[in-house]
Every structure is written in structure tokens, then in C-alpha cells.
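Colleague: Could you take one single part of this model and look at it closely? After that, please set it in the context of the rest.

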Amino acid sequence: MEQKLAEFRARRQAEKAAQKSETPGSQSRGETAADTAAQCDKTPTADSLQSEDRARNNQAATDGSQSRDRGDWLLDSALGKWLASRQFVISNITLLKVLLWLVLLGLFAELEFGLPFFVISLFYWLYEGLRSPAPRKPGELSAYSVFNPDCQPLLGALTTEQLEGEMGYRPLANR
């Protein structure tokens, strides 16, 4: 099996050499065919096969690294890093939704119902924006203190007592 593989590789190499020699036009076709037949008759030894394989692997590795070096310049740039992070501001779904909304707005404007469609759309966007996609985790506080246990405000929130103290107002009982 190895001998057949070696013969195949020798034939392929002879064909590549023949194609290279035909391109410049320095040799005639008869000489190239004779060279190809002579190379096919030779059976390479195991050592020569291994050295040829190593040479091909080294050439393939250098070719691959050169192509990677040429192709990685975009990924190394700021634009490439941003594209690789896949944090686009607008996804394809969002873009399709906006386009559908614009088409519907144009349709309703043509039917003279553009303003009601726009106002209803605003109410829908408010509803979607205020609706949470997932329920709150246990212990997570709401931004609105009236929904928290004991009306506990978030850390850093401005309370009425803090505002009155900073403005210099004092309660009537302490005067």
C-alpha cells in the first residue's frame, strides 16, 4: 500500500513539474512527457518519502502562517475586535421590526390613520420598555422604593429627609 502511495505521489509531483515547465515554454511536450515517464518509473525509498513529506508540511505551515498573518490584521484592529465581540447595537431582528413598523406607518398614513398608529405604537413601546423580561431575583430591590419591603430605598437614592436636610429645612418639632 505504501508503495502505491509513493508511486501516486511521484506521478503527482511529475505532473506538477510538467505543468510548471509548460508554462514558461522552455521545453517541448515530448521532453516533458519523457521526464514524466522517467520519474514514474523510479520508486522512491522510505527515507525520501519522509523527507518529501516533511518538506511539504513545512511549506504548508509557512504558507498557512503567511495567510493567517495577512488575514489577522482586520481582527487585530479596533473594528475587528468590535465585530468579533458581536455586541451590535441593532440586531437583525430589531432591524426587521423597525422596517415593518415603518411600512405599517406608511400604510396607515396613506389610509389617514398615521397619527393614531403612531400614538398606539408609543403606548406599546412604553409597555414593552417597562415590562421586565425576567422576574426579579430573591433579595433584588426595585428602583421604586414603594415596591420594596419596608419601603427601603436603593443605596445612593436621594430621600426626602436627605433633601430637606441639605436645603436647611428643619421639622417644626425641633424648632
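**The loop before H6**

Modeller: Glutamate 112 sits in the loop between helix H5 (92-110) and H6. Helices here are DSSP runs of H or I with at least four residues, strands are runs of E with at least two, and both are numbered from the N terminus. The model is predicted, so to speak of local features a pLDDT of at least 70 is needed, and side-chain atom pairs count only at pLDDT 80 or more, while totals for chains, interfaces and linings use all residues. Residues are numbered from 1 along each chain as its sequence is written, and side-chain values use heavy atoms, leaving out hydrogens and water.

The phi of glutamate 112 is near 65°, a positive value in a residue other than glycine. Glutamate 112 is also exposed, at a relative accessible area of 70%. Exposed means over 50% relative accessible area, buried means under 20%, and partly exposed lies in between, with a 1.4 Å probe and protein chains only.

On one side of this loop is H5, which has 19 residues and reaches 27 Å from first to last C-alpha, close to the 27 Å expected at 1.5 Å a residue. The expected span is 1.5 Å times one less than the number of residues. On the other side is helix H6 (residues 114-130), which holds phenylalanine 123. With 57% relative accessibility, phenylalanine 123 counts as exposed.

Phe123 also belongs to a nonpolar surface patch, together with Leu115, Phe118, Val119, Leu122, Tyr124, Trp125, Leu126 and Tyr127, and the patch has about 960 Å² of accessible area. Such areas come from the Shrake-Rupley method with a 1.4 Å probe, and for residues only the protein chains shown count as cover. A patch takes residues with over 30% relative accessible area and no salt bridge, joining like charges within 9 Å and nonpolar side chains (Val, Leu, Ile, Met, Phe, Trp, Tyr) within 5 Å. A salt bridge is a side-chain nitrogen of Lys or Arg within 4 Å of a carboxyl oxygen of Asp or Glu.

An unreviewed UniProt entry annotates residues 98-127 as "transmembrane region". UniProt positions are given in the numbering used here, with shortened feature names, and annotations may be inferred rather than shown by experiment. In the model, residues 98-127 are 90% helix and 0% strand, and their end C-alpha atoms lie 17 Å apart.

Another positive phi in a residue other than glycine is that of aspartate 150, near 55°. Aspartate 150 is in the loop between H6 and helix H7 (160-167), and it is exposed, with a relative accessible area of 79%. H7 lies largely in the open, because zero of its eight residues are buried.

As for the whole, the protein chain has seven helices and zero strands, and 9% of its 175 residues are buried. In H1, the buried residues are Ala6, Ala10, Ala14, Ala18 and Ser21. They line one face of the helix, because seen down the axis of H1 they fall within an arc of 115°. That arc is taken from the directions from the helix axis to the C-beta atoms. The face of H1 turned away from the buried side carries exposed Glu2, Lys4, Gln19 and Lys20.
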